[in-house]
Amino acid sequence: MFCHDSIRGPIIKYIENNAPNIGAIFTPKNTSKVAFIGTPNSICHGYSKDNKIDKTRVYGPDGYTLYDYDFTDHGNSKIHNFPEYNGAHKHKYTIINGVTINKTTEKLTDEEYEKYIKPYLNKNI
């Protein structure tokens with residue numbers, strides 16, 4: 001399931017450009033164009049410039065992002081130093097009342113790699 005629609009993208013872009021402090025509610029610019037708020041209990045995929053899937057985003061029961069599973073270290077191995085899966089890692093979000101209060105970067109478990117990354121490696125959108 002890809003969650004990129006022709007209406008949401010331009011709206012988010014407009015808000016990012018005109019109200020940058022709303023970033024906790026809408027997709028940040030560096031998240032492969034995957035909406036921060038989505039269909040409750042679903043997943044979506046982000047993609048790279050060459051149209052390869054490079055992110056799996058997991059939404060919770062309220063539709064807010066719970067986890068991002070990034071397929072690479074984004075060229076930043078000092079911060080994302082997880083050589084086990086070529087830099088693949090996860091970000092865990094804590095959101096209360098629609099506001100992101102914490103975001104951590106963590107190592108993947110084998111189960112997370114098998115479920116959220118491996119099936120989509122080198123897949124085009």
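The questions and answers below concern a predicted model and the reasons for the terms applied to its residues.

Q: Why is F36 called buried?
A: The relative accessibility of F36 is 3%, and since buried means under 20% relative accessible area, F36 counts as buried.

Q: What makes the pair of F36 and Y93 edge-to-face?
A: The ring centres of F36 and Y93 lie 5.2 Å apart, which satisfies the limit of 6.5 Å for a pair, and their planes stand at 80 degrees, where an angle over 60 counts as edge-to-face. The structure holds four aromatic pairs, and the one between F36 and Y93 ties together parts that are 57 residues apart in sequence, because F36 lies in the loop between helix 1 (8–18) and strand 1 whereas Y93 lies in strand 4. Y93 is buried as well, with a relative accessible area of 9%.

Q: Why is the pair of Y85 and Y113 called stacked?
A: Planes under 30 degrees apart count as stacked, and the planes of Y85 and Y113 are 10 degrees apart, with 3.9 Å from centre to centre. This pair links distant parts of the chain, for Y85 is in the loop between strand 3 and strand 4 while Y113 is in helix 2, 28 residues apart.

Q: How do you know that Y85 is buried?
A: The relative accessible area of Y85 is 19%, and the cut-off for buried is under 20%, so Y85 meets it. Y113, at 14% relative accessibility, counts as buried by that cut-off too.

Q: Which residues make up the largest nonpolar core, and which helix gives the most to this core?
A: The core has 10 residues in all, namely I53, V58, Y69, F71, Y85, A88, L108, Y113, Y116 and I117. Strand 2 (53–59) and helix 2 (110–117) each supply at least two residues of this core, and helix 2 gives the most, with three residues. One of the core residues, L108, touches Y69, Y85, A88, H89, K90, Y113 and I117, when residues up to four places away in sequence are not counted.

Q: How do you know that the buried residues of helix 2 line one face?
A: The buried residues of helix 2 are E112, Y113, Y116 and I117. Seen down the helix axis, they fall within an arc of 100 degrees, so they line one face of helix 2. On the other side of helix 2, D110, E111 and K115 are exposed. What covers the buried residues of helix 2 includes strand 1 (43–47), strand 2, strand 3 (65–70) and strand 4 (89–96).

Q: Why does D68 count as buried, and what polar contact does its side chain make?
A: D68, which lies in strand 3, has a relative accessibility of 1%, and because buried means under 20%, D68 counts as buried. The side chain of D68 makes a polar contact with the side chain of Y93 at 2.8 Å, a value within the 3.5 Å limit for such a contact.

Q: What makes strand 3 and strand 4 a pair?
A: Pairing needs at least two bridges, and four bridges join strand 3 to strand 4, which run antiparallel. Within strand 4, H89 is the bridge partner of D70.

Q: How do you know that strand 4 pairs with strand 5?
A: Seven bridges join strand 4 to strand 5 (residues 99–106), where at least two are required, and these strands run antiparallel. H91 stands opposite T105 in strand 5. Strand 4 and strand 5 form a hairpin with two residues between them, and N97 in the turn has a positive phi of about 50 degrees.

How values were computed
Residues numbered from 1 in each chain as written. Predicted model: local features only at pLDDT ≥ 70, side-chain atom pairs only at ≥ 80, totals over all residues. Heavy atoms only, no water. Core = buried A, V, L, I, M, F, W, Y, C linked by side-chain atoms within 4.5 Å. Buried < 20%, exposed > 50% of the residue type's maximum accessible area, 1.4 Å probe, protein only. Contact = heavy atoms within 4.5 Å. Arc of directions from axis to C-beta. Phe/Tyr/Trp six-rings, centres within 6.5 Å; stacked < 30°, edge-to-face > 60°. Polar contact = N/O pair within 3.5 Å; in protein donor to acceptor, adjacent residues only side chain to side chain.
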